[in-house]
Amino acid sequence: MIDRNIIRALVVETPSAPGNLGKVASAIGLAGVDIGDIETVQVGPTSTIRNITVHCDHEEQLNKVLDTINQLGNGIHLHAVSDDVLRAHEGGKIHMKSRLDVRSLADLRRVYTPGVADVCRLIQKEPEKARLYTGIGNNVAIVTDGTAILGLGDVGPLAGMPVMEGKAALFDRFVGISGIPILLSTKDPDAIVQTVKHIASGFGGILLEDIGSPHCFEVEERLKKELDIPVMHDDQHGTAVVTLAAVISASRHTGVNLKEAVVGQVGLGAAGLAICRMFMAYGVRQVIGADKSEAAKKYLQDYGGETIDSLEELMERSDIVVTTTGVPGLIQKEWVKKGQIILALSNPKPEIEAEAALEAGAAYAADGRSVNNVLGFPGIFRGALNARAKEITHDMLVAAAEAIADSTKKGELVPHPLDPRVHSVVSQAVEAKAKRNL
Ligand SMILES: NC(=O)c1ccc[n+]([C@@H]2O[C@H](COP(=O)([O-])OP(=O)(O)OC[C@H]3O[C@@H](n4cnc5c(N)ncnc54)[C@H](O)[C@@H]3O)[C@@H](O)[C@H]2O)c1
Ligand SMILES: O=C(O)C[C@H](O)C(=O)O
Ligand SMILES: [Mg+2]
């Protein structure tokens with residue numbers, strides 16, 4: 001496991017003799033900390049300097065590692081500790097680049113003025129040519145109002161920018177889409193809908209991200225109705241797709257019949273309710289759910305689910321448990337039932353750690369880092385843009401979930417997000433389904 005929460009780069013100097021790096025590695029391991037990358041920065045005649053990335057659970061663990069390395073002596077020196085995550089964010093994570101080189105006067109005239117004016121006139125006459133002569137068909141707006149940033153809550157759009165840049169980086173890396181973050185300084189559904197409508201002509205699709213419930217439902221519904229490009233709220237449908245994929249895999253491994261299974265959901269916000277609707281549309285008959293908000297519970301009842309107030313009782317009755325509350329540690333280890341499937345999806349910290357759930361007897365357990373909508377949204381948009389789909393339909397989402405489940409290795413719940421195959425199979429499945437519907 002190397003994705004623990006505190007990541008630091010340690011600059012360590014060791015004498016150039018065998019065994020010294022081993023001493024440092026042992027000191028780190030004995031403190032219960034994982035090592036990420038080791039990069040050799042400088043090899044001198046008597047000593048070597050390396051950057052060692054460590055992944056810790058909490059500050060005390062990090063301090064213990066630092067103390068132990070400092071006490072090793074014998075020429076081993078810890079020179080500096082830097083925050084690897086903050087360092088990686090310096091200057092932002094994305095950058096708009098020209099696809100054409102502009103070196104000569106001829107380039108300038110072709111790429112910019114006067115040549116560009118002819119292209120403008122052509123598009124004015126035949127607007128559909130914009131898809132051919134601009135990047136619009138490959139641009140997706142990543143829109144947030146900052147009201148439900150991960151499980152951090154309403155931290156505002158500016159503080160949400162690192163997440164939006166992250167989604168853009170994943171779009172680029174996995175499927176070559178240009179994702180453009182749009183930060184909205186309003187939470188008013190009318191203003192959000194109007195603003196997105198006013199900017200929509202520059203985009204081939206709209207990804208709504210980390211917009212809180214319940215206003216996210218109205219915003220998405222209205223934009224889907226009023227725009228003729230794909231609109232998808234990632235926290236709802238991207239999450240529902242990946243969760244369905246994980247549950248399909250789990251039921252294949254355990255023989256649990258999804259139609260007969262009792263699904264317990266804790267947290268009935270954007271992610272929770274979309275997961276519930278997806279499950280029900282897939283044939284799950286019994287969803288029981290808990291939320292601290294009465295309005296959220298009413299939604300579940302309207303969809304045909306049963307609400308319950310005691311989390312302990314929900315755990316007792318469920319074969320499959322999905323949690324999306326944003327509250328770390330909400331589910332107690334003692335409540336886990338033998339053979340249960342537990343997906344604790346809140347980021348950055350789950351409601352119960354997968355290791356703890358497995359120790360307590362769960363058959364399968366995962367958190368929001370592995371069962372993550374990154375497995376869905378890139379391929380879903382690539383497929384929809386390739387097909388020139390005007391919307392993302394339920395059938396396209398189910399096709400994506402099945403493609404993810406089918407590319408999952410035996411014994412696992414979902415593929416690794418860095419497996420490049422998964423994004424292309426999702427995109428192909430979504431494109432094929434969209435074309436069948438055109
Ligand atoms: N793994 C993924 O891909 C993924 C995707 C989307 C969201 N998430 C995570 O799911 C969480 C929720 O996101 P969202 O967009 O649905 O937010 P949201 O604000 O729409 O929903 C959160 C819901 O949890 C409920 N809740 C909060 N505390 C609770 C408690 N103690 N007991 C019961 N209910 C409680 C709230 O009332 C609300 O209805 C976040 O932590 C987010 O990171 C994960
Ligand atoms: O951003 C993520 O890691 C997944 C998800 O969109 C979330 O809000 O938690
Ligand atoms: Mg999100």
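Biologist: Which residue is the bridge partner of V143 in β6?

Modeller: That's I182. Before we go on, this is a predicted model, in which local features need pLDDT of at least 70 and side-chain atom pairs count only at pLDDT 80 or more, while totals for chains, interfaces and linings use all residues. Residues are numbered from 1 along each chain as its sequence is written, with chains lettered from A and ligands numbered from 1 in the order they are written.

Biologist: How do you know that β5 and β6 are joined?

Modeller: Two strands pair if DSSP finds at least two bridges between them. Six bridges join β5 to β6, so they pass that test. They run parallel. On β5's link to β7, there are four bridges, again in the parallel sense, and V140 stands opposite G205 there.

Biologist: And what counts as a strand or a helix?

Modeller: Both are DSSP runs numbered from the N terminus: helices are H or I with at least four residues, strands are E with at least two. The protein comes to 17 helices and 14 strands.

Biologist: What makes β6 and β8 edge strands?

Modeller: The order in that open sheet of four strands is β6-β5-β7-β8. β6 (178-183) and β8 (231-233) each pair on one side only. The twist averages 20 degrees from one strand to the next.

Biologist: How does helix α7 run relative to β6?

Modeller: At about 170 degrees, lying across β5, β6 and β7. Such angles run from 0 to 180 degrees between N-to-C directions, with axes fitted to C-alpha atoms (for helices, over the stretch in contact). Contact here means C-beta atoms, placed from the backbone, within 7 Å.

Biologist: Why is β5 called mostly covered?

Modeller: Five of its six residues are buried. Buried means 20 or more other C-beta atoms within 10 Å of a residue's own, exposed means 12 or fewer, and partly exposed is in between, with C-beta atoms placed from the backbone. Across the 438 residues of the protein, 41% count as buried.

Biologist: What makes Y112 exposed?

Modeller: Y112 has 12 other C-beta atoms within 10 Å, and the cut-off is 12 or fewer, so it just qualifies. Y112 sits in the loop between α4 (105-111) and α5 (115-125).

Biologist: Is L150 exposed or partly exposed?

Modeller: Partly exposed: L150 has 16 neighbours within 10 Å, which falls between the two limits. L150 is in the loop between β5 and α7. Its phi is near 45 degrees, a positive value in a residue other than glycine. Most residues other than glycine have a negative phi, and most peptide bonds are trans.

Biologist: Which peptide bond from S213 is cis?

Modeller: The one to P214, with omega near 0 degrees. P214 lies in the loop between β7 and α9 (215-226). Another cis bond joins T113 and P114, with omega about 10 degrees.

Biologist: Why are β2 and β4 said to stand at the edges?

Modeller: That open sheet has the order β2-β3-β1-β4, with antiparallel pairing. β2 (34-43) and β4 (77-83) each have a single partner strand, so one side of each is left without a neighbour in the sheet. β2 and β3 (47-56) pair over seven bridges, with T40 opposite R50.

Biologist: How do you know that the protein is as compact as a globular one?

Modeller: Its radius of gyration is 24 Å, close to the 22 Å that the globule rule gives for 438 residues, so it is as compact as a globular protein of that length. The radius is taken over C-alpha atoms, and the rule is 2.2 Å times the number of residues to the power 0.38.

Biologist: Which residues are around ligand 2?

Modeller: Among them are L150, V163, D210, D234 and N347. Belonging there takes a C-beta atom, placed from the backbone, within 6 Å of the ligand. The shell divides into two nonpolar, four polar and three charged residues. Nonpolar covers Ala, Val, Leu, Ile, Met, Phe, Trp, Tyr, Cys and Pro; charged is Asp, Glu, Lys and Arg; the others, Gly among them, are polar.

Biologist: How many residues surround ligand 1?

Modeller: 32, with G151, S213, G269, S346 and G368 the closest. By class they are 13 nonpolar, 16 polar and three charged.

Terms used
Contact = placed C-beta atoms within 7 Å.
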